[in-house]
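Please open the structure in the viewer and keep the selection tool at hand. The tour below proceeds from one selection to the next.

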Amino acid sequence: MSGQDWLDKDFYATLGVDKKADDATIKKAYRKLARTWHPDQNKGDVAAENKFKEIGEAYAVLSDPEQRKQYDALRAMAGG
């Protein structure tokens with residue numbers, strides 16, 4: 001994923017958590033949203049499938065300490 005992708009997306013907003021949220025809060029928010037938007041719960045709904053992918057991408061970055069650190073630093077430099 002390029003840095004530009006990270007600048008365009010607010011992963012904290014996607015998961016509905018604060019930027020200072022701890023790992024447990026991020027995981028809880030992810031699980032709740034993933035259940036809601038899972039394709040099995042929304043058969044044939046392309047918008048729900050795309051939302052599910054966005055949620056997964058946000059969680060993948062924020063749940064990895066190194067990626068989260070890089071994401072936060074990049075967004076801080078860009079003023080986001």
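Select Lys27, Lys28, Arg31, Lys32 and Arg35 first: in this predicted model, these residues form a surface patch of positive charge.

Keep Lys27 from that patch highlighted, and then extend the selection to residues 23-37. This segment is helix H3, in which Lys27 lies. Is Lys27 buried or exposed? Its relative accessibility is 38%, so Lys27 is classed as partly exposed, a value that falls between the 20% limit for buried residues and the 50% limit for exposed ones.

Next, select residues 46-62, which constitute helix H4, and locate Lys51 within that helix. Lys51 also counts as partly exposed, because its relative accessibility is 26%. With Lys51 still selected, add Ala34 and display the two C-alpha atoms. Lys51 and Ala34 are separated by 17 residues in sequence, and their C-alpha atoms lie 9.0 Å apart in space.

Now clear the selection and display the whole protein as a cartoon. Which elements of secondary structure does the protein contain? There are five helices and zero strands, and the order along the sequence reads α-α-α-α-α. The radius of gyration is 13 Å, close to the 12 Å that the globule rule gives for 80 residues, so the protein is as compact as a globular protein of that length.

Rotate the view to follow the principal axes: along these, the C-alpha atoms fill a box of roughly 40 × 25 × 15 Å. Finally, colour the protein by relative accessibility; of its 80 residues, 25% are buried.

Technical notes: Residues numbered from 1 in each chain as written. Predicted model: local features only at pLDDT ≥ 70, side-chain atom pairs only at ≥ 80, totals over all residues. Heavy atoms only, no water. Patch = residues over 30% accessible without salt bridge, like charges linked within 9 Å, V, L, I, M, F, W, Y side chains within 5 Å. Areas by Shrake-Rupley, 256 points an atom, 1.4 Å probe, with all protein chains shown as cover. Salt bridge = Lys/Arg side-chain N within 4 Å of Asp/Glu carboxyl O. Lys, Arg positive; Asp, Glu negative; His and termini not counted. Charge placed at Lys NZ, Arg CZ, Asp CG, Glu CD. Helix = DSSP H or I, 4+ residues; strand = E, 2+ residues; numbered from the N terminus. Buried < 20%, exposed > 50% of the residue type's maximum accessible area, 1.4 Å probe, protein only. Rg over C-alpha atoms; globule rule 2.2 N^0.38 Å.
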